[in-house]
Amino acid sequence: MSKCEECDAEISIPSDALEGEIVTCPECGASFELAKGSDGFDLKPAQTVGEDWGQ
Amino acid sequence: MNPDVTILYDSIRWEEKALLEAGKKKNINIQMVDCKKLAIDLEKKPEDYGIVIQRCVSYYRNLHSTAALEGLGVKVINCLNTGVFAGNKLFTHMLLKKFGVPTPDATVAFSKDAAIESLETNGYPKVIKPTIGSWGRLISKLNDKESAEGIIESRETMYPIYQVHYLEEFVKRPPRDIRAIMVGDKIVAAIYRNSEHWKTNMALGGTAEQCKVTQEMEEMCIKAKNAVQGDIVGVDLMESEEKGLVVHEVNNTTEYKNTVRVCDVDIPSLMLDYALKVDT
């Protein structure tokens, strides 16, 4: 479990999580990218829409 | 162990993780490569990637990493030409016409004055689209001269690609469009993207519903895929009241999460099967 930086809700990290995976806060919808930390994964704010992103 | 397949990504979304999971189930050796961490020496034989499935969501990263890898002899799905052709609405339009695929009428104008003159001659409403862009960004409906002048004038201050004014007919249709996922010469699943807004992109909140695939639709989509030299693509169609089915876009790094959800088709597995087949 990690805390959402935006709303402080609990965000569960899947057991099969991958570095770079996008997780979303179930409370406020903020997106975070999983980054390797000293103890498992840290959450860093994800770039959700780049100017040239999409399909 | 050398990888059978490399998933080249810049963000791991549901689609990329589903490919990895499908690979595990099929005992395929999948390598996940974050393009943001990649430096490709263009003068050296590349490391072994197996076949690359290009999944970068950034248009420029996608196109340039494909160019580098393909240039070094790596098989990439989709290929560079598909990235170039499908990534640009004008290029796609011309190729669809060449291949006999019905597509909405369009005009391209290279200045504000030329665009306004064309609109005044051909009438409103029209839809202005950036030739490169996704998820409905900067796509606007031009209802009259006043709105056209304001919108086009704002683009004259933007990056030059936004000063190529691609003006498409506003297609009268039901409040939905169709996304058909092609793996090789087959539509493996298709959805209606319903929306009360005239833009139906899932990214803008449209809802998905299974769409029955017809022979006409499949034949049209095969032609559209071949027009952009694609392998695995998402073809977007509209049901025009006047013309019947028309193709308005081909997506070279298609999203398919909602299609899997509503159609219950294992698209990631089908993608991997296809990739391994074309690699042999």
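A charge is said to sit over a ring if NZ of Lys or CZ of Arg is within 6 Å of the ring centre and within 35 degrees of the ring normal. With that in hand, here are some close-up views of this structure, which is a predicted model.

**View 1. Charged side chains sit over the rings of F170(B) and Y192(B).** Start with K141(B), whose charged end is placed over the ring of F170(B). The distance to the centre of that ring is 4.3 Å. Then turn to R176(B), which lies over the face of Y192(B). Here the distance to the ring centre is 3.8 Å.

**View 2. W14(B) and Y256(B) form an aromatic pair.** Counted over all chains, the model has two aromatic pairs. In this one, the ring centres of W14(B) and Y256(B) are 6.2 Å apart and the planes stand at 75 degrees, so the pair is edge-to-face. W14(B) belongs to helix α1 (residues 14-25) of chain B, while Y256(B) is in the loop between β13 (244-251) and α8 (257-263) of that chain, so the pair ties together parts 242 residues apart in sequence. Which of the classes buried, partly exposed and exposed fits each partner? W14(B) has a relative accessibility of 36% and counts as partly exposed. Y256(B), with a relative accessible area of 0%, is buried.

**View 3. Y59(B) and Y60(B) make another aromatic pair.** Their ring centres are 4.9 Å apart. Why is the pair called edge-to-face? Planes over 60 degrees apart count as edge-to-face, and the planes of Y59(B) and Y60(B) are at 75 degrees. Y59(B) is buried, at a relative accessible area of 17%. Y60(B) has 37% and is partly exposed.

**View 4. The surroundings of W14(B) in helix α1 of chain B.** Setting aside residues up to four places away in sequence, W14(B) touches Y256(B), K257(B) and V260(B). For a sense of scale, look from W14(B) across to E239(B). These two residues are 225 apart in sequence, and their C-alpha atoms are 29 Å apart in space.

**View 5. E15(B) is a buried residue that has no salt bridge.** This glutamate is also found in helix α1 of chain B. Which side chain of opposite charge is nearest to E15(B)? It is R13(B), at 4.6 Å. A salt bridge needs a side-chain nitrogen of Lys or Arg within 4 Å of a carboxyl oxygen of Asp or Glu, so the 4.6 Å between E15(B) and R13(B) does not qualify. The side chain of E15(B) does reach the backbone nitrogen of K257(B), at 3.0 Å. Leaving out neighbours within four places in sequence, E15(B) is in contact with R55(B), E255(B), Y256(B) and K257(B).

**View 6. Cis peptide bonds lead into N78(B) and P125(B).** One of these bonds joins I77(B) to N78(B), with omega about 0 degrees. N78(B) has its place in the loop between β4 (76-77) and α3 (80-86) of chain B. Another joins Y124(B) to P125(B), and there omega is about -5 degrees. P125(B) is in the loop between α5 (112-122) and β6 (126-129) of chain B.

**View 7. N27(B) and L138(B) have positive phi values.** What is phi at N27(B)? The angle is near 60 degrees, a positive value in a residue other than glycine. You can find N27(B) in the loop between α1 and β2 (30-34) of chain B. With a relative accessibility of 73%, N27(B) counts as exposed. L138(B) likewise has phi near 60 degrees, and this residue is not glycine either. L138(B) sits in the loop between β6 and β7 (140-142) of chain B. Its relative accessible area is 35%, and L138(B) is partly exposed.

**View 8. Chain A has five strands and zero helices.** Following chain A along its sequence gives the pattern β-β-β-β-β. Taken along the principal axes, the C-alpha atoms of chain A fill a box of roughly 35 × 20 × 15 Å. How many of the 55 residues of chain A count as buried? The share is 40%. Among contacts in chain A between residues at least 6 apart in sequence, 19% join residues at least 24 apart.

Conventions: Residues numbered from 1 in each chain as written. Chains lettered and ligands numbered in written order. Predicted model: local features only at pLDDT ≥ 70, side-chain atom pairs only at ≥ 80, totals over all residues. Heavy atoms only, no water. Phe/Tyr/Trp six-rings, centres within 6.5 Å; stacked < 30°, edge-to-face > 60°. Helix = DSSP H or I, 4+ residues; strand = E, 2+ residues; numbered from the N terminus. Buried < 20%, exposed > 50% of the residue type's maximum accessible area, 1.4 Å probe, protein only. Lys, Arg positive; Asp, Glu negative; His and termini not counted. Polar contact = N/O pair within 3.5 Å; in protein donor to acceptor, adjacent residues only side chain to side chain. Contact = heavy atoms within 4.5 Å.
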